[in-house]
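Ready for a short walk through a structure? Open your viewer, and we will go from the whole chain down to single residues.

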Amino acid sequence: MTQGIEQMYLYFQKNKTQFIHNSVMEVAQNECYIELSSFGDLARYACAFREYPRRVYSQELDDLRIISSSFALANTLLIFYAPMPKIGRYVSYQVKGDKEICDIVESTKNISHYAPIVHMESEISPLPVKSKKLSDQFHPIQVKDLGSLARLTYDPEYPDESNLTLYTLHQKDSWVIGYITSLEMDEVFYNFNYVKLDFEPSKHFLKYQGNLGKDPEFSNTIEHGFSYLPIIKIKTTPSIFGF
């Protein structure tokens, strides 16, 4: 018995490098830059319905000054960006009536939401940018209707940590609008839960009052008594969305 254990130990020591190589999953960690349709989409992502707006960065990308805000997955840093319209210290965001007012300003004098801008001389992270298939991939799952998609944004485990952002993008000959969810097991799996649309959405929010049995509708105005989900339009469909 003892001799058998000793033989197994010697065999392991001889081959332990190969064992370790086979048992450890090599996962590449990368950045994925995703261009949004406009500066307004970036401002909405960073500020809309957030008690504390997200920090945003400005940097050079392909000889263009961009402004961005990031979203970390397990092994991928998603960087949502748009061309920077001008230099300043804050992204200013507010909605008046049916008008969305987005700007870059030097001070926080007016009543508005403000996202602080950090101007960078270097890239915002040391992660490489990889154009091939990323280790994190969204699995597209079609949802039946917009009401179901809106209800999906409620997380009973973390009701006070809401993530309300919906993403709309072009997919083949149509548009889709969707919501990102994750499933944590031994690994983290990401889903892009989407609804097909018959048109290109042009409004900024999905307005919802499901407790009264009303279907969601697209809206640019904000009224009391409704829930609102900000819609972020992506300029081109990146491969990470799984389509």
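Colour the whole protein chain by burial to begin: of its 243 residues, 40% are buried (under 20% relative accessible area with a 1.4 Å probe, protein chains only). Keep in mind that this is a predicted model, where local features need pLDDT of at least 70, side-chain atom pairs count only at pLDDT 80 or more, and totals for chains, interfaces and linings use all residues. Residues are numbered from 1 along each chain as its sequence is written, and side-chain values use heavy atoms, with hydrogens and water left out.

Now switch to a cartoon view. The protein chain has 3 helices and 14 strands; these are DSSP runs numbered from the N terminus, with at least four residues for a helix (H or I) and at least two for a strand (E).

Next, select the open sheet of 7 strands, which has mixed pairing and the order 8-11-10-9-14-12-13. Strands count as paired if DSSP finds at least two bridges between them. At the edges you will find strand 8 (138-142) and strand 13 (217-219), each pairing on one side only.

Zoom in on residues 166-171 and 174-184: these are strand 9 and strand 10, antiparallel and joined by 5 bridges. Where does Gln-171 stand? Look opposite Ser-174 in strand 10.

Finally, select residues 39-47. This is helix 2, lying across strand 9, strand 12 (205-208) and strand 14 (227-233). Helix 2 runs at about 140 degrees to strand 14, with axes fitted to C-alpha atoms (for helices over the stretch in contact, heavy atoms within 4.5 Å) and angles from 0 to 180 degrees between N-to-C directions.

Terms used: Buried < 20%, exposed > 50% of the residue type's maximum accessible area, 1.4 Å probe, protein only.
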